[in-house]
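Dear colleague,

I am passing on the structure we spoke about, together with some notes on its helices. Please open it alongside this message.

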Amino acid sequence: MSSQSSLRGWIVTFAGTGINLGLGVLYSWSVIAKALTKDWGWTASKASLPYAVACGVFAIVMVLAGRAQDKVGPRIVATLGGICAGAGLIISSFASELSILPMVIGFGLLVGSGMGLGYASATPPAVKWFPPHKKGMITGLVVAGFGLASVYISPLTNHLLKSMGISKTFMTLGIAFFIGIVLLSQFLKNPPAGYVPANMPKPAASGKSASDKYEYEWHEMLRTPQFYLLWLMYAFASFAGLMIIGHMAKISTMQLPGVELGFILVAILAIGNAGGRIIAGLVSDKLGRTKTMLLVFISQAIVLMLFSRFSTAALLIAGAAAVGFNYGANLSLFPSATADYFGTKNMGVNYGLVFTAWGVGGVFGGMVAGKIVDLTASYSMAFGVAAILCLFASGLTFVTKAPKTIVVKQAIPSTVNPLNKE
(Lines give C-alpha, C1' and ligand atoms only; values in the text may rest on other atoms or scores of the structure.)
Protein backbone atom coordinates (compact mmCIF):
# COMPACT_ATOMS: atom_id res chain seq x y z
CA MET A 1 0.00 0.00 0.00
CA SER A 2 1.56 3.26 -1.13
CA SER A 3 1.76 6.20 1.26
CA GLN A 4 -0.89 8.01 -0.77
CA SER A 5 -3.24 5.01 -0.62
CA SER A 6 -2.55 4.62 3.09
CA LEU A 7 -3.40 8.27 3.68
CA ARG A 8 -6.61 7.94 1.68
CA GLY A 9 -7.58 4.88 3.71
CA TRP A 10 -7.11 6.74 6.99
CA ILE A 11 -9.02 9.79 5.69
CA VAL A 12 -11.96 7.53 4.82
CA THR A 13 -11.71 5.79 8.20
CA PHE A 14 -11.79 8.99 10.24
CA ALA A 15 -14.48 10.58 8.05
CA GLY A 16 -16.60 7.53 8.84
CA THR A 17 -15.80 7.92 12.53
CA GLY A 18 -16.86 11.58 12.36
CA ILE A 19 -20.14 10.74 10.64
CA ASN A 20 -20.91 8.22 13.36
CA LEU A 21 -20.10 10.82 16.03
CA GLY A 22 -23.05 12.79 14.66
CA LEU A 23 -25.39 9.86 14.09
CA GLY A 24 -24.82 8.72 17.68
CA VAL A 25 -27.46 11.20 18.80
CA LEU A 26 -29.51 8.03 19.37
CA TYR A 27 -27.50 7.34 22.51
CA SER A 28 -28.50 10.62 24.11
CA TRP A 29 -32.13 9.52 24.14
CA SER A 30 -32.20 8.61 27.84
CA VAL A 31 -31.40 12.27 28.66
CA ILE A 32 -34.19 13.42 26.31
CA ALA A 33 -36.61 10.78 27.63
CA LYS A 34 -36.01 11.94 31.19
CA ALA A 35 -36.94 15.50 30.16
CA LEU A 36 -40.06 14.24 28.35
CA THR A 37 -41.30 12.44 31.47
CA LYS A 38 -40.38 15.26 33.83
CA ASP A 39 -41.29 18.38 31.82
CA TRP A 40 -44.08 17.09 29.58
CA GLY A 41 -45.48 14.36 31.85
CA TRP A 42 -45.05 11.54 29.36
CA THR A 43 -45.03 7.95 30.65
CA ALA A 44 -41.85 5.87 30.30
CA SER A 45 -43.53 3.81 27.57
CA LYS A 46 -44.57 6.91 25.61
CA ALA A 47 -41.12 8.47 25.93
CA SER A 48 -39.59 5.21 24.65
CA LEU A 49 -41.70 5.14 21.46
CA PRO A 50 -39.66 7.52 19.21
CA TYR A 51 -36.46 5.74 20.32
CA ALA A 52 -37.92 2.31 19.58
CA VAL A 53 -39.20 3.41 16.16
CA ALA A 54 -35.78 4.92 15.35
CA CYS A 55 -34.04 1.65 16.24
CA GLY A 56 -36.38 -0.38 14.05
CA VAL A 57 -36.19 2.01 11.09
CA PHE A 58 -32.40 2.26 11.49
CA ALA A 59 -32.09 -1.51 11.06
CA ILE A 60 -34.50 -1.76 8.11
CA VAL A 61 -32.93 1.13 6.22
CA MET A 62 -29.47 -0.35 6.83
CA VAL A 63 -30.38 -3.16 4.43
CA LEU A 64 -31.51 -0.81 1.67
CA ALA A 65 -28.66 1.62 2.32
CA GLY A 66 -26.11 -1.17 2.32
CA ARG A 67 -27.31 -2.30 -1.08
CA ALA A 68 -27.32 1.27 -2.37
CA GLN A 69 -23.79 2.08 -1.20
CA ASP A 70 -22.54 -1.19 -2.71
CA LYS A 71 -23.95 0.00 -6.06
CA VAL A 72 -23.57 3.81 -6.19
CA GLY A 73 -20.85 4.37 -3.60
CA PRO A 74 -20.86 5.58 0.02
CA ARG A 75 -20.64 9.35 -0.52
CA ILE A 76 -24.09 9.82 -2.04
CA VAL A 77 -25.83 7.52 0.46
CA ALA A 78 -24.13 9.08 3.50
CA THR A 79 -25.00 12.59 2.27
CA LEU A 80 -28.66 11.60 2.06
CA GLY A 81 -28.31 10.22 5.58
CA GLY A 82 -27.09 13.58 6.89
CA ILE A 83 -30.03 15.34 5.25
CA CYS A 84 -32.54 12.92 6.78
CA ALA A 85 -30.98 13.06 10.26
CA GLY A 86 -30.88 16.87 10.34
CA ALA A 87 -34.39 17.27 8.94
CA GLY A 88 -35.76 14.67 11.35
CA LEU A 89 -34.42 16.47 14.41
CA ILE A 90 -35.84 19.75 13.13
CA ILE A 91 -39.28 18.17 12.59
CA SER A 92 -39.10 16.70 16.11
CA SER A 93 -38.90 20.24 17.47
CA PHE A 94 -42.59 20.67 16.56
CA ALA A 95 -43.75 17.98 19.02
CA SER A 96 -45.48 19.07 22.23
CA GLU A 97 -46.88 17.73 25.47
CA LEU A 98 -50.06 16.68 23.67
CA SER A 99 -48.57 15.74 20.28
CA ILE A 100 -46.05 12.93 19.93
CA LEU A 101 -46.56 12.50 16.17
CA PRO A 102 -43.87 15.01 15.00
CA MET A 103 -41.33 13.24 17.20
CA VAL A 104 -42.30 9.77 15.96
CA ILE A 105 -42.06 10.97 12.36
CA GLY A 106 -39.03 13.19 12.87
CA PHE A 107 -36.87 11.23 15.29
CA GLY A 108 -38.35 7.80 14.73
CA LEU A 109 -38.69 7.68 10.93
CA LEU A 110 -36.34 10.35 9.57
CA VAL A 111 -33.50 10.27 12.11
CA GLY A 112 -33.77 6.48 12.09
CA SER A 113 -33.46 6.54 8.29
CA GLY A 114 -30.55 8.97 8.45
CA MET A 115 -28.71 6.72 10.88
CA GLY A 116 -29.26 3.72 8.62
CA LEU A 117 -28.05 5.55 5.52
CA GLY A 118 -24.98 7.06 7.18
CA TYR A 119 -23.97 4.07 9.30
CA ALA A 120 -24.25 1.67 6.35
CA SER A 121 -21.90 3.87 4.33
CA ALA A 122 -19.19 4.52 6.92
CA THR A 123 -17.61 1.11 7.59
CA PRO A 124 -17.53 -0.77 4.22
CA PRO A 125 -15.34 1.73 2.33
CA ALA A 126 -12.89 2.01 5.23
CA VAL A 127 -12.47 -1.76 5.55
CA LYS A 128 -11.76 -2.10 1.81
CA TRP A 129 -8.63 0.09 2.05
CA PHE A 130 -6.90 -2.26 4.55
CA PRO A 131 -5.76 -5.92 4.64
CA PRO A 132 -7.91 -8.63 6.32
CA HIS A 133 -5.83 -8.82 9.51
CA LYS A 134 -6.81 -5.21 10.26
CA LYS A 135 -10.56 -5.65 9.69
CA GLY A 136 -11.40 -5.74 13.39
CA MET A 137 -9.29 -2.69 14.24
CA ILE A 138 -10.60 -0.53 11.37
CA THR A 139 -14.20 -1.57 12.00
CA GLY A 140 -13.77 -0.78 15.69
CA LEU A 141 -12.36 2.69 14.96
CA VAL A 142 -15.19 3.63 12.59
CA VAL A 143 -18.05 2.38 14.74
CA ALA A 144 -16.42 3.80 17.89
CA GLY A 145 -17.64 7.20 16.74
CA PHE A 146 -21.25 6.12 17.15
CA GLY A 147 -20.63 4.83 20.64
CA LEU A 148 -18.47 7.75 21.71
CA ALA A 149 -21.04 10.31 20.58
CA SER A 150 -22.80 10.45 23.93
CA VAL A 151 -19.63 11.70 25.62
CA TYR A 152 -20.33 15.10 24.12
CA ILE A 153 -23.96 14.82 22.97
CA SER A 154 -25.35 13.91 26.41
CA PRO A 155 -23.89 16.87 28.37
CA LEU A 156 -24.58 19.15 25.38
CA THR A 157 -28.19 17.96 25.17
CA ASN A 158 -28.58 18.26 28.93
CA HIS A 159 -27.29 21.86 28.79
CA LEU A 160 -29.55 22.75 25.87
CA LEU A 161 -32.60 21.20 27.53
CA LYS A 162 -32.04 23.26 30.68
CA SER A 163 -31.27 26.50 28.86
CA MET A 164 -33.75 26.46 25.96
CA GLY A 165 -36.22 23.62 26.47
CA ILE A 166 -37.07 20.48 24.51
CA SER A 167 -38.27 22.00 21.22
CA LYS A 168 -35.35 24.38 20.65
CA THR A 169 -32.90 21.64 21.63
CA PHE A 170 -34.12 19.48 18.76
CA MET A 171 -33.95 22.43 16.36
CA THR A 172 -30.36 23.30 17.36
CA LEU A 173 -29.13 19.72 17.12
CA GLY A 174 -30.85 19.28 13.77
CA ILE A 175 -29.08 22.22 12.15
CA ALA A 176 -25.68 21.25 13.57
CA PHE A 177 -25.82 17.60 12.52
CA PHE A 178 -27.20 18.43 9.07
CA ILE A 179 -24.13 20.53 8.31
CA GLY A 180 -21.55 18.27 9.95
CA ILE A 181 -22.64 14.92 8.51
CA VAL A 182 -23.16 16.21 4.98
CA LEU A 183 -19.68 17.76 4.92
CA LEU A 184 -17.90 14.65 6.25
CA SER A 185 -19.77 12.43 3.78
CA GLN A 186 -17.86 14.02 0.91
CA PHE A 187 -14.65 12.27 2.07
CA LEU A 188 -16.02 8.73 1.78
CA LYS A 189 -14.58 6.84 -1.18
CA ASN A 190 -14.12 3.19 -2.19
CA PRO A 191 -10.65 2.09 -3.42
CA PRO A 192 -10.25 1.85 -7.22
CA ALA A 193 -11.03 -1.40 -9.05
CA GLY A 194 -8.23 -3.92 -8.71
CA TYR A 195 -6.81 -2.26 -5.59
CA VAL A 196 -4.84 -4.66 -3.35
CA PRO A 197 -3.91 -3.55 0.20
CA ALA A 198 -0.38 -4.02 1.49
CA ASN A 199 0.57 -7.35 3.09
CA MET A 200 -1.89 -9.29 0.95
CA PRO A 201 -0.73 -12.56 -0.65
CA LYS A 202 0.55 -12.07 -4.18
CA PRO A 203 -1.43 -13.67 -7.00
CA ALA A 204 -0.27 -17.09 -8.11
CA ALA A 205 0.73 -17.89 -11.69
CA SER A 206 -2.90 -18.60 -12.51
CA GLY A 207 -3.71 -15.03 -11.55
CA LYS A 208 -5.78 -16.10 -8.53
CA SER A 209 -4.97 -14.81 -5.07
CA ALA A 210 -5.09 -16.92 -1.95
CA SER A 211 -7.30 -14.21 -0.49
CA ASP A 212 -9.78 -14.43 -3.35
CA LYS A 213 -12.58 -16.05 -1.35
CA TYR A 214 -16.11 -16.46 -2.56
CA GLU A 215 -18.04 -13.19 -2.25
CA TYR A 216 -21.57 -13.98 -1.14
CA GLU A 217 -24.57 -12.22 -2.61
CA TRP A 218 -27.21 -11.43 0.00
CA HIS A 219 -29.59 -14.18 -1.13
CA GLU A 220 -26.76 -16.72 -0.94
CA MET A 221 -25.87 -15.59 2.56
CA LEU A 222 -29.48 -16.12 3.66
CA ARG A 223 -29.15 -19.81 2.73
CA THR A 224 -26.35 -20.40 5.24
CA PRO A 225 -26.81 -21.38 8.91
CA GLN A 226 -24.04 -18.93 9.85
CA PHE A 227 -26.28 -15.98 9.02
CA TYR A 228 -29.06 -17.08 11.37
CA LEU A 229 -26.68 -17.89 14.20
CA LEU A 230 -25.05 -14.46 13.92
CA TRP A 231 -28.50 -12.87 13.74
CA LEU A 232 -29.76 -14.51 16.93
CA MET A 233 -26.66 -13.68 18.93
CA TYR A 234 -26.75 -10.07 17.74
CA ALA A 235 -30.44 -9.69 18.63
CA PHE A 236 -29.98 -11.08 22.15
CA ALA A 237 -26.89 -8.95 22.86
CA SER A 238 -28.45 -5.79 21.43
CA PHE A 239 -31.59 -6.20 23.54
CA ALA A 240 -29.49 -6.13 26.69
CA GLY A 241 -27.31 -3.17 25.78
CA LEU A 242 -29.98 -0.96 24.20
CA MET A 243 -32.36 -1.53 27.11
CA ILE A 244 -29.81 0.05 29.47
CA ILE A 245 -28.73 2.77 27.04
CA GLY A 246 -32.28 3.95 26.40
CA HIS A 247 -33.14 4.09 30.12
CA MET A 248 -29.84 4.91 31.82
CA ALA A 249 -30.86 8.33 33.12
CA LYS A 250 -34.15 6.95 34.46
CA ILE A 251 -32.41 3.94 36.03
CA SER A 252 -30.00 6.20 37.89
CA THR A 253 -32.89 8.28 39.26
CA MET A 254 -34.68 5.19 40.56
CA GLN A 255 -31.64 3.44 42.05
CA LEU A 256 -29.95 6.55 43.42
CA PRO A 257 -32.70 9.10 44.18
CA GLY A 258 -31.64 12.63 44.95
CA VAL A 259 -28.34 12.35 43.06
CA GLU A 260 -28.11 13.91 39.58
CA LEU A 261 -26.03 11.43 37.62
CA GLY A 262 -28.19 10.87 34.54
CA PHE A 263 -26.26 12.52 31.72
CA ILE A 264 -22.92 11.72 33.41
CA LEU A 265 -23.77 8.01 33.40
CA VAL A 266 -24.83 8.21 29.75
CA ALA A 267 -21.44 9.73 28.93
CA ILE A 268 -19.62 7.07 30.99
CA LEU A 269 -21.59 4.37 29.22
CA ALA A 270 -20.60 5.94 25.90
CA ILE A 271 -16.89 5.88 26.77
CA GLY A 272 -17.22 2.19 27.59
CA ASN A 273 -19.23 1.70 24.39
CA ALA A 274 -16.50 3.24 22.21
CA GLY A 275 -13.72 1.44 24.08
CA GLY A 276 -15.47 -1.89 23.66
CA ARG A 277 -15.70 -1.40 19.90
CA ILE A 278 -11.99 -0.67 19.49
CA ILE A 279 -10.63 -3.18 22.00
CA ALA A 280 -12.91 -6.02 20.91
CA GLY A 281 -11.91 -5.37 17.30
CA LEU A 282 -8.22 -5.63 18.18
CA VAL A 283 -8.69 -8.68 20.42
CA SER A 284 -10.83 -10.52 17.88
CA ASP A 285 -8.18 -10.00 15.19
CA LYS A 286 -5.91 -12.12 17.42
CA LEU A 287 -8.27 -14.39 19.39
CA GLY A 288 -11.05 -14.93 16.84
CA ARG A 289 -14.56 -13.48 16.55
CA THR A 290 -16.65 -16.14 18.32
CA LYS A 291 -14.24 -16.61 21.22
CA THR A 292 -14.33 -12.86 21.83
CA MET A 293 -18.13 -12.90 21.56
CA LEU A 294 -18.32 -15.60 24.24
CA LEU A 295 -16.27 -13.49 26.66
CA VAL A 296 -18.41 -10.45 25.97
CA PHE A 297 -21.77 -12.24 26.38
CA ILE A 298 -20.80 -13.90 29.67
CA SER A 299 -19.45 -10.64 31.05
CA GLN A 300 -22.64 -8.77 30.09
CA ALA A 301 -24.86 -11.41 31.71
CA ILE A 302 -22.94 -11.14 35.00
CA VAL A 303 -23.16 -7.33 35.06
CA LEU A 304 -26.91 -7.37 34.33
CA MET A 305 -27.58 -9.92 37.08
CA LEU A 306 -25.94 -7.55 39.54
CA PHE A 307 -27.21 -4.23 38.16
CA SER A 308 -30.26 -3.82 40.41
CA ARG A 309 -27.90 -3.94 43.41
CA PHE A 310 -25.85 -0.97 42.23
CA SER A 311 -27.03 1.63 44.75
CA THR A 312 -24.01 3.93 45.00
CA ALA A 313 -22.59 6.41 42.51
CA ALA A 314 -19.37 4.42 42.15
CA LEU A 315 -21.19 1.15 41.43
CA LEU A 316 -23.55 2.77 38.93
CA ILE A 317 -20.62 4.37 37.11
CA ALA A 318 -18.76 1.05 36.98
CA GLY A 319 -21.90 -0.77 35.87
CA ALA A 320 -22.65 1.73 33.11
CA ALA A 321 -19.07 1.52 31.82
CA ALA A 322 -19.19 -2.30 31.80
CA VAL A 323 -22.56 -2.49 30.03
CA GLY A 324 -21.36 0.05 27.48
CA PHE A 325 -18.10 -1.83 26.88
CA ASN A 326 -19.80 -5.19 26.36
CA TYR A 327 -22.53 -3.74 24.17
CA GLY A 328 -20.06 -1.73 22.09
CA ALA A 329 -17.94 -4.82 21.48
CA ASN A 330 -20.81 -6.32 19.47
CA LEU A 331 -20.80 -3.38 17.05
CA SER A 332 -17.28 -4.27 15.88
CA LEU A 333 -17.48 -8.06 16.27
CA PHE A 334 -20.53 -8.63 14.09
CA PRO A 335 -19.55 -6.53 11.06
CA SER A 336 -16.07 -8.09 11.21
CA ALA A 337 -17.58 -11.59 11.41
CA THR A 338 -19.88 -10.76 8.49
CA ALA A 339 -16.87 -9.73 6.39
CA ASP A 340 -14.94 -12.85 7.47
CA TYR A 341 -17.77 -15.23 6.62
CA PHE A 342 -19.29 -13.64 3.53
CA GLY A 343 -16.64 -11.34 2.01
CA THR A 344 -16.30 -7.55 1.66
CA LYS A 345 -17.59 -6.94 -1.88
CA ASN A 346 -21.25 -7.00 -0.79
CA MET A 347 -20.61 -6.14 2.84
CA GLY A 348 -23.03 -3.20 2.79
CA VAL A 349 -26.17 -5.20 2.12
CA ASN A 350 -24.92 -8.37 3.87
CA TYR A 351 -24.16 -6.57 7.12
CA GLY A 352 -27.38 -4.61 6.70
CA LEU A 353 -29.31 -7.88 6.87
CA VAL A 354 -27.33 -9.07 9.89
CA PHE A 355 -27.92 -5.64 11.46
CA THR A 356 -31.71 -6.13 11.41
CA ALA A 357 -31.06 -8.18 14.56
CA TRP A 358 -29.84 -5.00 16.25
CA GLY A 359 -33.10 -3.30 15.28
CA VAL A 360 -35.19 -6.08 16.80
CA GLY A 361 -33.11 -5.89 19.97
CA GLY A 362 -33.48 -2.12 20.08
CA VAL A 363 -37.24 -2.10 19.60
CA PHE A 364 -37.95 -4.80 22.17
CA GLY A 365 -35.20 -3.78 24.58
CA GLY A 366 -36.48 -0.22 24.95
CA MET A 367 -40.19 -1.02 24.87
CA VAL A 368 -40.08 -4.08 27.15
CA ALA A 369 -38.05 -2.20 29.75
CA GLY A 370 -40.46 0.75 29.60
CA LYS A 371 -43.50 -1.51 30.03
CA ILE A 372 -41.91 -3.44 32.91
CA VAL A 373 -41.05 -0.28 34.85
CA ASP A 374 -44.55 1.14 34.28
CA LEU A 375 -46.05 -2.07 35.73
CA THR A 376 -43.59 -2.86 38.51
CA ALA A 377 -41.88 0.48 39.26
CA SER A 378 -38.57 -1.41 38.99
CA TYR A 379 -36.07 -2.50 36.35
CA SER A 380 -35.10 -5.72 38.17
CA MET A 381 -37.19 -8.02 35.96
CA ALA A 382 -35.91 -6.31 32.80
CA PHE A 383 -32.31 -6.85 33.94
CA GLY A 384 -33.03 -10.54 34.52
CA VAL A 385 -34.61 -11.05 31.07
CA ALA A 386 -31.65 -9.36 29.37
CA ALA A 387 -29.12 -11.45 31.33
CA ILE A 388 -30.84 -14.69 30.28
CA LEU A 389 -30.73 -13.63 26.62
CA CYS A 390 -26.98 -12.97 26.93
CA LEU A 391 -26.51 -16.49 28.32
CA PHE A 392 -28.43 -17.92 25.34
CA ALA A 393 -26.16 -15.95 23.01
CA SER A 394 -23.06 -17.30 24.75
CA GLY A 395 -24.29 -20.85 24.15
CA LEU A 396 -24.68 -20.19 20.43
CA THR A 397 -21.00 -19.24 20.11
CA PHE A 398 -20.09 -22.93 20.50
CA VAL A 399 -21.93 -23.89 17.31
CA THR A 400 -21.14 -20.80 15.23
CA LYS A 401 -18.20 -21.44 12.92
CA ALA A 402 -16.98 -19.79 9.76
CA PRO A 403 -17.54 -21.76 6.53
CA LYS A 404 -14.84 -24.43 6.53
CA THR A 405 -13.87 -24.37 2.88
CA ILE A 406 -12.25 -21.35 1.25
CA VAL A 407 -13.86 -21.19 -2.16
CA VAL A 408 -12.00 -19.48 -4.99
CA LYS A 409 -14.73 -17.86 -7.01
CA GLN A 410 -13.09 -18.10 -10.43
CA ALA A 411 -12.38 -21.81 -9.92
CA ILE A 412 -15.97 -22.86 -9.19
CA PRO A 413 -17.50 -24.86 -12.06
CA SER A 414 -20.96 -23.73 -13.02
CA THR A 415 -22.41 -27.03 -11.75
CA VAL A 416 -20.98 -26.64 -8.23
CA ASN A 417 -23.00 -25.06 -5.46
CA PRO A 418 -20.65 -22.65 -3.60
CA LEU A 419 -22.81 -22.86 -0.49
CA ASN A 420 -22.18 -26.57 0.05
CA LYS A 421 -19.49 -26.05 2.66
CA GLU A 422 -20.41 -28.26 5.58
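What follows is a short account of one long-range contact site and of how some of the helices pack.

Please keep in mind throughout that this is a predicted model.

I begin with helix α11, which runs over residues 313-342 and therefore has 30 residues; from its first C-alpha to its last it reaches 44 Å, close to the 44 Å expected at 1.5 Å a residue. Of those 30 residues, 21 are buried, so α11 is largely enclosed by the rest of the structure. Just after α11 comes Gly-343, whose phi is positive, at about 90°.

One of the helices that pack with α11 is α8, formed by residues 225-255, and the axes of the two come within 10 Å while crossing at roughly 160°. Because an angle over 145 degrees counts as roughly antiparallel, α8 is described as roughly antiparallel to α11. The crossing in which α8 passes α11 is left-handed, and the residues of this contact divide into 18 nonpolar and 6 polar, with no charged residue among them.

A second pair to look at is helix α5, residues 101-128, with helix α12, residues 347-376, whose axes also come within 10 Å but cross at roughly 130°. That angle makes α5 oblique to α12, and the crossing in which α5 passes α12 is right-handed. On the α5 side the contact is made by Tyr-119, Thr-123 and Pro-124, which meet Met-347, Gly-348, Tyr-351 and Phe-355 of α12. Sorted by character, the residues of the contact between α5 and α12 comprise 5 nonpolar and 2 polar, and again no charged ones.

The last site is in helix α1, which covers residues 3-23 and includes Gly-9. Is Gly-9 buried or exposed? Its relative accessible area is 0%, and since buried means under 20%, Gly-9 is counted as buried. Once neighbours within four places in sequence are left aside, Gly-9 is in contact with Trp-129 and Phe-130. The C-alpha atom of Gly-9 also lies 9.0 Å from that of Asn-190, although the two residues are 181 residues apart along the chain.

If you wish to go through these points in the viewer, I would suggest taking the two helix pairs before turning to the glycine in α1.

With kind regards

Methods:
Residues are numbered from 1 along each chain as its sequence is written. This is a predicted model: local features need pLDDT of at least 70, side-chain atom pairs count only at pLDDT 80 or more; totals for chains, interfaces and linings use all residues. Side-chain values use heavy atoms; hydrogens and water are left out. Helices (H or I, at least four residues) and strands (E, at least two) are DSSP runs, numbered from the N terminus. Buried means under 20% relative accessible area, exposed over 50%, partly exposed in between (1.4 Å probe, protein chains only). Axes are lines fitted to C-alpha atoms, for helices over the stretch in contact, and angles run from 0 to 180 degrees between N-to-C directions. Angles under 35 degrees count as roughly parallel, over 145 as roughly antiparallel, 65 to 115 as roughly perpendicular and the rest as oblique. A crossing is left-handed if the near helix is turned anticlockwise from the far one by less than a right angle, and right-handed if clockwise. Ala, Val, Leu, Ile, Met, Phe, Trp, Tyr, Cys and Pro count as nonpolar, Asp, Glu, Lys and Arg as charged, and the others, Gly among them, as polar. Contact means heavy atoms within 4.5 Å.
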